[in-house]
Amino acid sequence: MYNINRRKFLGYFGCSCGSLLLPSCTTVPITERKQLSLISESRINRQAEAAYEKFRSKSKLILKGNQINEIRQIGKKMEFAVSAFFEKQGKLDPTKNFGWDYVLVDNDKIVNAWCMPGGKIAVYTGLLKITKNTDALSIVMGHEIAHAVARHSLERMSHAMTINLGTTVADIFLGGAINRTRNTVGQNTGLDIFQLGIMNPFGRKQETEADYLGLIFSSLSGYDIRESVKLWERMAKKNKGKEPPAFLSTHPSSAKRIENLDGWINEVILKYPPIKI
Ligand SMILES: [Zn+2]
């Protein structure tokens with residue numbers, strides 16, 4: 001069963017670093033997907049920490065009350081469960097060097113949460129209106145924490161480095177077309193699309209992987225992961241008519257996401273029961 005699932009997973013996520021010269025790869029915990037890794041974890045964690053401190057000082061945060069307490073409580077359970085899980089398996093704890101921290105941002109208009117490399121987590125009050133309950137919030141937090149555990153930012157940065165090396169050469173032949181695109185997009189968004197920083201948009205493959213790992217972390221922490229389907233149904237309802245088709249968005253479409261989660265729930269409940277404290 002394990003091998004079949006693992007094969008299914010590798011087929012799903014594939015390996016994108018095998019074809020490069022002198023590949024520098026790491027392996028994503030649990031899914032065992034190979035990923036490109038050209039930067040050190042401590043370097044990206046340091047950068048994230050500085051960015052997080054800046055974010056904290058400039059944002060309107062809610063520092064006490066039920067909501068932030070609930071976020072911290074879910075976070076603590078998850079920190080423990082993830083570490084205990086890898087220790088029990090005799091594997092290196094991928095969160096060993098994390099400096100966990102949680103903030104609640106007072107902004108009802110933003111339906112979002114994120115986790116920077118090294119475990120710096122932000123939840124926006126707008127998200128809590130959709131999650132509505134602890135189990136659903138644990139699903140979102142599990143997903144965000146999964147991005148950090150799977151080192152998705154580091155992977156994304158590593159790819160950006162290879163793109164930058166490649167585009168410099170390619171651009172000579174294309175007469176500056178790449179640089180023109182870069183500047184046009186930059187003017188519209190204020191971002192350099194090729195210069196991916198710590199808060200990268202993740203790829204679809206990474207989003208699907210974070211959904212899967214997030215379910216596992218939530219289940220290990222003792223939450224009811226069947227709530228994930230209801231959560232994404234609520235999210236889809238809120239976004240009705242506004243959701244871009246899957247091929248335009250880096251995120252999977254709600255329908256695809258719900259289909260995936262639905263297919264994983266029973267297996268995850270059986271294979272990754274709550275870790276006792
Ligand atoms: Zn994500």
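Aromatic rings are a good place to start: this predicted model holds 6 aromatic pairs. In one of them, F98 and W100 have ring centres 5.1 Å apart and planes at 55°, so the pair counts as tilted. Both F98 and W100 are buried. Another pair joins Y212 and W264, with ring centres 5.0 Å apart and planes at 75°, so this one is edge-to-face. The cut-off that settles the label is that planes over 60 degrees apart count as edge-to-face. Y212 belongs to helix α8 and W264 to helix α10 (residues 254-271), so their pairing ties together parts that are 52 residues apart in sequence.

Here are the two pairs side by side.

| Pair | Distance between ring centres | Angle between planes | Arrangement |
|---|---|---|---|
| F98 and W100 | 5.1 Å | 55° | tilted |
| Y212 and W264 | 5.0 Å | 75° | edge-to-face |

Are Y212 and W264 buried or exposed? Y212 has 3% relative accessibility and counts as buried. W264, at 6% relative accessibility, counts as buried too.

Two further aromatic features are worth finding on your screen. Y52, F55 and W114 come together as one aromatic cluster. At W232, the face of the ring has R257 lying over it, 3.9 Å from the ring centre.

Helix α8 deserves a visit of its own. It covers residues 204-220, and at 1.5 Å a residue its 17 residues should span 24 Å; the C-alpha atoms at its ends are indeed 24 Å apart, which agrees. The helix is mostly covered, with 15 of its 17 residues buried. Just after α8 comes G222, which takes a positive phi of about 90°.

Helix α8 also leads to the metal. Which residues coordinate the zinc ion? The donors are NE2 of H143, NE2 of H147 and two OE contributions from E207, at 2.1 to 2.7 Å. Along the chain, these donors follow the spacing H-x3-H-x59-E. H147 sits in helix α5 (residues 134-149) while E207 sits in helix α8, so the pair ties together parts that are 60 residues apart in sequence. H147 counts as buried at 2% relative accessibility, and E207 is likewise buried, with a relative accessible area of 2%.

Why is the arrangement around the zinc ion irregular? The 4 donor atoms subtend angles of 52 to 138°. A tetrahedral label would need all angles to lie between 85 and 135 degrees, and the range of 52 to 138° makes the arrangement irregular. For reference, the ideal angle for four tetrahedral donors is 109.5 degrees.

Now for H159, which is found in helix α6 (residues 152-174). With a relative accessible area of 25%, H159 is partly exposed. Where does Q35 lie relative to H159? The two are 124 residues apart in sequence, and their C-alpha atoms are 9.7 Å apart in space.

Finally, a step back to the whole chain. The secondary structure comes to 10 helices and 6 strands. Of the 277 residues in the protein, 46% are buried. Among contacts with a separation of 6 or more, 72% are accounted for by residues 24 or more positions apart.

Note on methods:
Residues are numbered from 1 along each chain as its sequence is written. This is a predicted model: local features need pLDDT of at least 70, side-chain atom pairs count only at pLDDT 80 or more; totals for chains, interfaces and linings use all residues. Side-chain values use heavy atoms; hydrogens and water are left out. Helices (H or I, at least four residues) and strands (E, at least two) are DSSP runs, numbered from the N terminus. The expected span of a helix is 1.5 Å times one less than its number of residues. Buried means under 20% relative accessible area, exposed over 50%, partly exposed in between (1.4 Å probe, protein chains only). Rings of Phe, Tyr and Trp (its six-membered ring) pair if their centres lie within 6.5 Å; planes under 30 degrees apart count as stacked, over 60 as edge-to-face and the rest as tilted. A charge sits over a ring if NZ of Lys or CZ of Arg is within 6 Å of the ring centre and within 35 degrees of the ring normal. Donors are N, O and S atoms within 2.8 Å of the metal (3.2 Å for Na, K and Ca); water is not among the atoms, so sites may look incomplete. Four donors count as tetrahedral if all angles lie between 85 and 135 degrees; four count as square planar and six as octahedral if opposite donors are over 155 degrees apart and all others between 65 and 115; anything else is irregular. Contact means heavy atoms within 4.5 Å.
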